[in-house]
Amino acid sequence: MEFRPLKPEELELWYDNCDLCFPDTPRDYFVRHYEFEPEQDIRNTLVAVDGGVIAAAVRIVPRRMYLCGRAVPMGGIADVGARPEYRHRGLAFRLLDMADDRMKALGMKVSMLFSGADELYLKAGFQSAPLARVAFDLPAAELPDDICLRPYRPGDLDAMRGLYDLYASSFPCAIARDTLAYWQEWAPNMMKTAFVLEADGRVQGYVMIGDMKQKEGAKPAFYASEWMAAPALAKLLPEALRAAAQLAGLPLRAKIPRPLWPDAQGEEDLDVHMMLKLLSPVALEKTLTTTEALIAAACDPVFFSLDAF
């Protein structure tokens with residue numbers, strides 16, 4: 001068994017391996033996430049190869065994550081999978097260990113993944129950082145006449161980027177979208193449904209709609225995964241969500257990350273799939289030296305769907 005980075009000529013084999021390891025996810029998902037990756041480097045995909053067969057793989061996604069208002073170098077862990085006949089041999093664990101070494105060599109301080117309290121990741125040193133969400137019925141109030149909500153257009157990206165840069169750092173674990181490639185390649189190709197708020201002829205807010213599995217027996221709702229707005233408009237989130245629901249034909253009930261509107265009254269739940277791990281000490285108000293300290297510093301975390309890796 002050979003453990004090493006993926007080679008360029010093996011990329012199609014890796015897509016095939018993802019298709020086999022994740023039968024419920026379309027192959028195109030992995031193709032798009034690799035091709036539009038703003039910090040693409042094939043050396044960040046680590047594989048276990050047995051006689052020309054990719055037996056298992058792990059992909060590192062370089063990002064920066066906000067903690068206490070600072071952008072901290074972070075490595076996302078994605079596409080962890082082994083072919084059925086190679087499972088339970090410790091291949092993924094060994095690749096995760098290799099990923100730690102590479103992330104540290106690249107100066108990354110923190111690692112993040114989405115899985116839940118899986119035994120493999122707990123053994124690898126990850127701990128859960130639950131994401132609080134709240135669902136509520138949208139009030140009958142409408143937006144003021146001088147404020148318009150409309151579907152996003154490509155020309156709105158610069159204004160949306162400006163709003164994100166101004167306000168996202170206040171949300172622990174939000175991703176710093178600080179490269180031109182992110183906004184030119186990733187955002188327009190990964191964004192699904194988005195609306196902007198216009199006031200005085202300018203885009204002063206936006207809301208993105210993300211995917212959400214409906215719980216059996218729960219009232220139908222849509223997931224407003226991201227909201228950024230100028231302070232004067234921030235209080236209009238419920239009205240903006242109602243206008244978006246009417247335009248998109250969605251239920252008049254929304255679920256949002258709790259930190260986007262801390263005063264919201266509704267049905268709360270926790271998404272327990274996000275996990276974090278400290279790779280190297282991080283100097284904030286005080287230096288973080290353990291994963292437990294990292295989890296404490298990431299109080300009330302937020303992760304926006306557009307950044308899903």
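**View 1. Burial of A264 in the loop between β12 and β13.** In this predicted model, A264 is buried, with a relative accessible area of 2%, where buried means under 20% relative accessible area, exposed over 50%, and partly exposed in between, computed with a 1.4 Å probe on protein chains only. A264 lies in the loop that links β12 (253–257) to β13; strands (E, at least two residues) and helices (H or I, at least four) are DSSP runs numbered from the N terminus. Leaving aside neighbours within four places in sequence, A264 is in contact with V134, F136 and R258, contact meaning heavy atoms within 4.5 Å. Although A264 and F136 are 128 residues apart along the chain, their C-alpha atoms are separated by 7.7 Å. Residues are numbered from 1 along each chain as its sequence is written, and side-chain values use heavy atoms, with hydrogens and water left out. Because the model is predicted, local features need pLDDT of at least 70 and side-chain atom pairs count only at pLDDT 80 or more, whereas totals for chains, interfaces and linings use all residues.

**View 2. D269 and its polar contact with K255.** D269 belongs to strand β13 (residues 267–271) and is buried, at a relative accessible area of 13%. Its side chain makes a polar contact of 2.6 Å with the side chain of K255; such a contact is a pair of N or O atoms within 3.5 Å, of which, within protein, one must be able to donate a hydrogen and the other to accept it, and residues adjacent in sequence count only if both atoms are side-chain atoms. Not counting residues up to four places away in sequence, D269 touches L131, A132, R133, K215 and K255.

**View 3. Helix α8 and the largest nonpolar core.** Helix α8 (residues 237–248) has 12 residues that should span 16 Å at 1.5 Å a residue, and its end C-alpha atoms are 16 Å apart, which agrees; the expected span is 1.5 Å times one less than the number of residues. The helix is mostly covered, with 9 of its 12 residues buried, among them L237, L241 and A245. G249, which follows α8, has a positive phi near 70 degrees. The largest nonpolar core has 53 residues, of which L149, M191, V207 and L241 touch the most other members, and α8 gives the largest share of this core, 6 residues. A nonpolar core is a set of buried Ala, Val, Leu, Ile, Met, Phe, Trp, Tyr and Cys residues joined through side-chain atoms within 4.5 Å. Apart from this core lies another, of 24 residues, among them V80, Y86, M103 and F126.

**View 4. Packing of helices α5 and α6.** Helix α5 (residues 157–167) and helix α6 (residues 180–190) pack at an angle of about 115 degrees, with their axes 11 Å apart; axes are lines fitted to C-alpha atoms, for helices over the stretch in contact, and angles run from 0 to 180 degrees between N-to-C directions. The contact is made by L157, M160, R161 and Y164 of α5 together with L180, W183, A187 and P188 of α6.

**View 5. Positive phi at D79 and D300.** D79, in strand β4 (residues 70–82), has a positive phi of about 55 degrees although it is not a glycine, and D79 is buried at 13% relative accessibility. D300, in the segment after α9 (291–297), has a positive phi near 55 degrees, but D300 is exposed, with a relative accessible area of 52%.
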